[in-house]
Amino acid sequence: MTKLKTRIYNSEPQLKDVRSFIQLMINDLKTSYELSIVLMVRNISSQYRQTYLGSLWAVLPAIFTTSIFVYLSNKRVLSIENIEGPYVLYVISGMVLWQVFTDSINSPLNQADKSITMLKKIMFTREALIVAGIGEVLFNFLIRSILLVITFIYYDVQITLQFIFVPIGVMSIVLFGTVIGVLLLPFGLLYRDVGKSLTMLTTLWFFITPVIYSSSNQDVFDLVKYNPVTPLLATTRSLLIGSNEIYTNQFILVTCISILFLVAGWVLFRLAIPHLVSRMGS
Amino acid sequence: MKNDELVVVDGVSKKFCKDLKKSLWYGLNDIYKELKIDSSENNRLRDDEFWAVNNISFNLKRGECLGLIGCNGAGKSTLLKLLNGLIKPDQGRIEIRGRVCAMIELAAGFNPVLTGRENIFINGAMLGLSKKEIQDKFDAIVEFSEIGEFLDTPVASYSSGMKTRLGFSIAVQMEPDVLIVDEVLAVGDIGFNAKCFNRIREIYENTVIIFVSHSIPQIARVANKLCVLDKGNIVFYGQDIPKGINVYTSLFDKTKKSITGNGKATIDRIDVSVNGKSSVEFDYLDNVNIHIEVSIDKSKLNPVCCILILNHLMEVVAQCDSSFNKVKINNIGKKIDINILLPALNLNPGNYYMSVSIMDEARIEVLSQHFAAKLLSVKGCFVGMAPVQLNGEWSLN
């Protein structure tokens, strides 16, 4: 007779027994792998099924925003300085990376929100939701890369050796966004205020991040310098298109802090989920 | 292997809040308390809170099937969610061993734009089946669910019964040690329902089953232990199913009585007696006497008297009608005494309501109706699936 898996649910705080808490965390992460993939495939294959334009929707926002800023800059409404190479290339690569960031921030809360019925009725490894969300963000990035490739060919961009570090850059952006998303998730599921202000704040955040302008500009304001997304996005873009906005130290610092907070966010997520489900009604 | 306890529930309580804003705030506080590793004051009710589940304990071994019954809002679903680990108890402890399969809402994991085929894999993975397991069982699932040609159709165009069927078929393939079923079988048609019960029978011996149902015949058929909940508390727990069902049906006693009609008749008295003694309690096959005193408006020359027997769900299960029995009630405006003998009344043990109505000859006008006027209690230890137990004369060759 094989030993049966035993589960214990009690009223004690989950962290009272730290060892078994960590054990469960690791266990669940391992077992969530297969489910994460299934959920990711589900999300991806269902996300465009009810549309006419299909996966074009992954790239349309980036094209649209880029056109606006290129138009404004051509008309001299915006004055953009210190940019080497074509502006279209600069903005479109910035936009694609920026979208990776906003997708990552929104993903945890969106996933949980979409899955409320499931959370209330089915006991599955909850981590799978978050992991599947990350997978979806990366998949959408891959689709958008097609846009990048086309632009690169058009502008005849030379691929340098730095290019191999691009995935690390993208992963750091995803990591930072996901950490914020996961930390906000418990509050966002309880109070809709969080989701609403998130939409508002990301618009503001866009303008203090060097997406459509350069961070090497002399008179760029302080908010941009202290914005943690700046080193991540600017560095990754520089790796992509070979410009000179590389901030290695800040990049490593932000990434390390993100990793620490990811663990904290994960613990919070696990502690919060049963309480959140209790408050979501039947 | 048979006698090990798989489910141990010890003093479990859960509180909910009536006010949404407060509930959210308490939720936030509870999360903060988790971070502080503080379990104090879990047993205290905060403003606007109530115990949805209060101090519940029971143990279940393999082969035991616990029926959970109670009125709406008694805490049945909350208890199932606690057992499944979806929510956390505020007090007490739950220990569950083995593979748990909870059928709380079978269609919850379905994505409407994806096809049945795709959803089988998704739902199976969520229930903890590996891809290989699902592939192996795929044909069995499809066959059991009877969805046939709709397999590659988006689930959005399934009927609710079809979704439940598919959900049940996936869940039932799990070979669980503990099976939790929440009223999900109410949606399927009779044929599918029977199939589900047969399947539950198949896994019965090696499984702990906990199931919620409002259908007493279902409970009587499957459960070998019963737990009756009322407002979060256990009011009955044990293996004496008939007794438990009595406790359950008596929860409904209080409020049902009502008098309606257009006032052209007044029923002054309704009395039930057995063997000459006034009593609403009697045994199976007793001769039951009903005595009614009624005054009816002179304009109604030949009124009709009808007695209805209802079950606890207020469904009519039997009737006795003066016009059917070809009894003519001559009304001259004076008080009428009506006596009805119901010989060898073959109602199954349980609680029933009796309604009396007086109608005009055409049975259109209700002159007076005493709805659920009496609560009848049939004693006995046998509980059947139907309200009536026919007393057959059997012979075997």
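**Exercise 1. Find the residue that stands opposite Tyr9(A), then work out which strands are joined there.**

Solution. Start at Tyr9(A) and look across: the residue opposite is Ile94(B), in β4(B). Keep in mind that you're looking at a predicted model. Next, step back to the strands. β1(A) is joined to β4(B), residues 91–97 of chain B, by five bridges, and the two strands run antiparallel.

**Exercise 2. Describe the side of chain A that touches chain B.**

Solution. Begin with the head count: chain A puts 41 residues into the contact and chain B puts in 46. Now sort chain A's share by element. β1 (6–10), α1 (18–47), α4 (116–121), α6 and α10 (248–279) of chain A each give two or more residues. The top contributor is α10(A), with eight residues. Finish with the chemistry: this side of chain A has 20 nonpolar, eleven polar and ten charged residues.

**Exercise 3. Work out how helices α6 and α7 of chain A are oriented to each other, and what holds the contact.**

Solution. Pick out α6(A), residues 166–190, and α7(A), residues 192–207. Their axes lie 5 Å apart, at an angle of about 125°. An angle between 115 and 145 degrees falls in the oblique class, so α6(A) and α7(A) are oblique to each other. Now for the residues: α6(A) brings Leu184(A), Phe187(A) and Gly188(A), while α7(A) brings Val194(A), Gly195(A) and Leu198(A). Sort them and you get four nonpolar, two polar and no charged.

**Exercise 4. Locate the largest nonpolar core and its best-connected members.**

Solution. This core has 138 residues. Those touching the most other members are Val100(A), Ile173(A) and Leu233(A) from chain A, plus Leu68(B), Met103(B), Ala171(B) and Ile180(B) from chain B. As for elements, α3(A), residues 87–114, gives the most, with 13 residues. Then zoom in on Ala171(B): once neighbours within four places in sequence are set aside, its contacts are Cys101(B), Met103(B), Leu106(B) and Leu127(B). Don't stop there, though, as a second, separate core of 25 residues includes Leu310(B), Ile358(B), Ala373(B) and Val378(B).

**Exercise 5. Give a quick profile of chain B: its secondary structure, its box and its buried share.**

Solution. First, tally the secondary structure: eight helices and 19 strands. Second, box it in: along the principal axes, the C-alpha atoms of chain B fill roughly 80 × 60 × 45 Å. Third, check burial: 41% of the 397 residues in chain B count as buried. Last, take the contacts in chain B with a separation of 6 or more; 76% of them link residues 24 or more positions apart.

Methods:
Residues are numbered from 1 along each chain as its sequence is written. Chains are lettered from A and ligands numbered from 1 in the order in which they are written. This is a predicted model: local features need pLDDT of at least 70, side-chain atom pairs count only at pLDDT 80 or more; totals for chains, interfaces and linings use all residues. Axes are lines fitted to C-alpha atoms, for helices over the stretch in contact, and angles run from 0 to 180 degrees between N-to-C directions. Helices (H or I, at least four residues) and strands (E, at least two) are DSSP runs, numbered from the N terminus. Angles under 35 degrees count as roughly parallel, over 145 as roughly antiparallel, 65 to 115 as roughly perpendicular and the rest as oblique. Two residues are in contact if their C-beta atoms, placed from the backbone, lie within 7 Å. Ala, Val, Leu, Ile, Met, Phe, Trp, Tyr, Cys and Pro count as nonpolar, Asp, Glu, Lys and Arg as charged, and the others, Gly among them, as polar. A nonpolar core is a set of buried Ala, Val, Leu, Ile, Met, Phe, Trp, Tyr and Cys residues joined through C-beta atoms within 7 Å. A residue is buried if 20 or more other C-beta atoms lie within 10 Å of its own, exposed if 12 or fewer, and partly exposed in between; C-beta atoms are placed from the backbone. Two strands pair if DSSP finds at least two bridges between them.
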